[in-house]
Amino acid sequence: MTLQMLQYFLEIAKTGSFTRAAEQSFVTQPALSRAIRDLEEELGCKLLHRTKRMVELTEAGRVCAEEAQRVLNDVQRLCSRVRESAYFRKMPLKTGYIIYEHLMCLITPLTNPDDGKLPILLEPKYFSCREARKRFEANELDLLVLPEPCISDMSEVECVRLTRGRAYAIVPRGCALYERERVRLEELRGYPVIAWSREDVPLLDAAFESMFVQAGFKPEVVDQAEKMGDMQTKIMLHKAIGFGTSAASGRNSENVRYVEIEDSPEVFGIMCLWHKSAAPQQMEPIKAMLLSALGQAM
């Protein structure tokens, strides 16, 4: 049982709907349903009763909702006390990122819910993926936030997975898929695409290429992009489809829309990395806070 399961369950209890709960939790409905099914199996009883109009709590579900809220409140109090008492370095942590939404995946779980403040000092630095990796390897960055496919050698680093996620198709206005919430890989067959630069982000490009190989076809690549800004510009220029990770799915605009690829592998999450050589008294409190906020075990 994880804190995430309890949070999903309480959101369903609050909204009375799997669909609305999934939207509020920024997770796919199948993933939410699996979590609730695992929770019910672990507890050995039904917590929810579905009707045509809404989802209702069973008697066991009402008890579970009360206790789950109590547990989450206790965890929040624990985190607040740890934040107040733990040792944090006074100098800002130089934090590299390539997309602002990725940085927010780190900031959000660290933010104190009581006062909205960060208990540590961050000095965010925006780079291309290649430059960010280069500076991190040269020990010029304390933290690095990157899409999971961009990480190769893990022997010298520690990390926390900030999000799990599927790939997203970035669809330009006017495309037949623009109004869709989700698509399958097969539906992308025949569309021109903007790939990620093999020179600048080879691992990310390889991850998307592998995704299409598994789907059984090779898309027509009309251009390549190094950064997300380049990706969106070239999508609109070529009227082509680009690709991104789940953490960037909030970047919908009047020109492009992020559409989840529902049958892509869940390897497009966001990771936070630091060197194993970093002082434990500096990084362990941050790691503990992230794992607690994200409902993961140490």
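This report walks through the sheets, cores and a few individual residues of a predicted model.

## The five-stranded sheet

Let's start with an open sheet of 5 strands, in which the pairing is mixed and the order reads 4-3-5-13-6. The edges belong to strand 4 (122-126) and strand 6 (157-163); each has a single partner strand, so one side of each is left without a neighbour in the sheet. Going from one strand to the next, the twist averages 25°.

Take a look at where strand 6 meets strand 13 (residues 270-275): the two run antiparallel and are joined by 6 bridges. If you want a landmark there, find Glu158, whose bridge partner in strand 13 is Trp274.

## Helices on that sheet

Two helices are worth picking out here. Helix 6 (residues 129-137) packs on the sheet and touches strand 5, strand 6 and strand 13, with its direction at about 145° to that of strand 5. Helix 5 (residues 100-110) lies across strand 3 (93-97), strand 4, strand 5 (143-147), strand 6 and strand 13, and runs at about 120° to strand 5.

How many residues of helix 5 are buried? The count is 8 of the 11, so helix 5 is largely enclosed by the rest of the structure. The buried set isn't just greasy side chains: Glu101 and His102 are in it, along with Leu103, Cys105, Leu106, Ile107, Pro109 and Leu110.

## Phe127, in a loop

Phe127 sits in the loop between strand 4 and helix 6. Is Phe127 buried or exposed? Its relative accessibility is 11%, below the 20% cut-off, so Phe127 counts as buried.

Leaving out residues up to four places away in sequence, Phe127 touches Gly96, Tyr97, Ile98, Ala132, Arg135 and Leu141. For a sense of scale, Cys45 is 82 residues from Phe127 in sequence, and their C-alpha atoms are 50 Å apart in space.

## The four-stranded sheet

There's also an open sheet of 4 strands, again with mixed pairing, in the order 8-12-7-11. Its edge strands are strand 8 (182-183) and strand 11 (242-244), and each of these pairs on one side only. Helix 8 packs on this sheet, where it touches strand 7, strand 11 and strand 12, and its direction makes about 105° with that of strand 12.

Strand 7 and strand 11 run antiparallel, with 3 bridges joining them. Within that pairing, Ile170 has Gly242 of strand 11 opposite.

## Strands 9 and 10

Strand 9 is another mostly covered element, with 4 of its 5 residues buried. Strand 9 runs parallel to strand 10 (residues 220-225), and 5 bridges hold the pairing on record here. One handy marker is Val193, which has Val221 as its bridge partner in strand 10.

## The nonpolar cores

The largest nonpolar core has 47 residues, and the members that touch the most others are Leu188, Phe208, Met211, Met231, Phe243 and Ile261. Which elements each supply at least two residues of this core? They are helix 6, strand 5, strand 7 (168-172), strand 9 (192-196), helix 7 (202-215), helix 8 (228-238), strand 12 (256-261) and strand 13. Helix 7 gives the most, with 5 residues.

Phe208 makes a good place to zoom in. Setting aside neighbours within four places in sequence, Phe208 is in contact with Ala167, Trp196, Phe243, Gly244 and Phe268. Apart from this core lies another one of 23 residues, among them Ala22, Leu39, Leu48 and Cys64.

## Asp200, a buried acid

Asp200 is in the loop between strand 9 and helix 7. With a relative accessibility of 10%, Asp200 counts as buried.

What does the Asp200 side chain join up with through polar contacts? One such contact, of 2.9 Å, goes to the side chain of Arg130; another, of 3.0 Å, goes to the side chain of Ser197. Neighbours within four places in sequence aside, Asp200 is in contact with Cys129, Arg130 and Glu226.

## Helices 2 and 3

Finally, check out helix 2 (residues 18-25) and helix 3 (residues 29-43): their axes come within 9 Å and cross at roughly 105°. That makes helix 2 roughly perpendicular to helix 3. On the helix 2 side, the contact is made by Phe18, Thr19, Ala21 and Ala22; helix 3 brings Gln29, Leu32, Ser33 and Ile36.

Definitions and conventions:
Residues numbered from 1 in each chain as written. Predicted model: local features only at pLDDT ≥ 70, side-chain atom pairs only at ≥ 80, totals over all residues. Heavy atoms only, no water. Pairing = 2+ DSSP bridges. Axes fitted to C-alpha atoms, helices over the stretch in contact; angles between N-to-C directions. Contact = heavy atoms within 4.5 Å. Core = buried A, V, L, I, M, F, W, Y, C linked by side-chain atoms within 4.5 Å. Buried < 20%, exposed > 50% of the residue type's maximum accessible area, 1.4 Å probe, protein only. Polar contact = N/O pair within 3.5 Å; in protein donor to acceptor, adjacent residues only side chain to side chain. Parallel < 35°, antiparallel > 145°, perpendicular 65-115°, else oblique.
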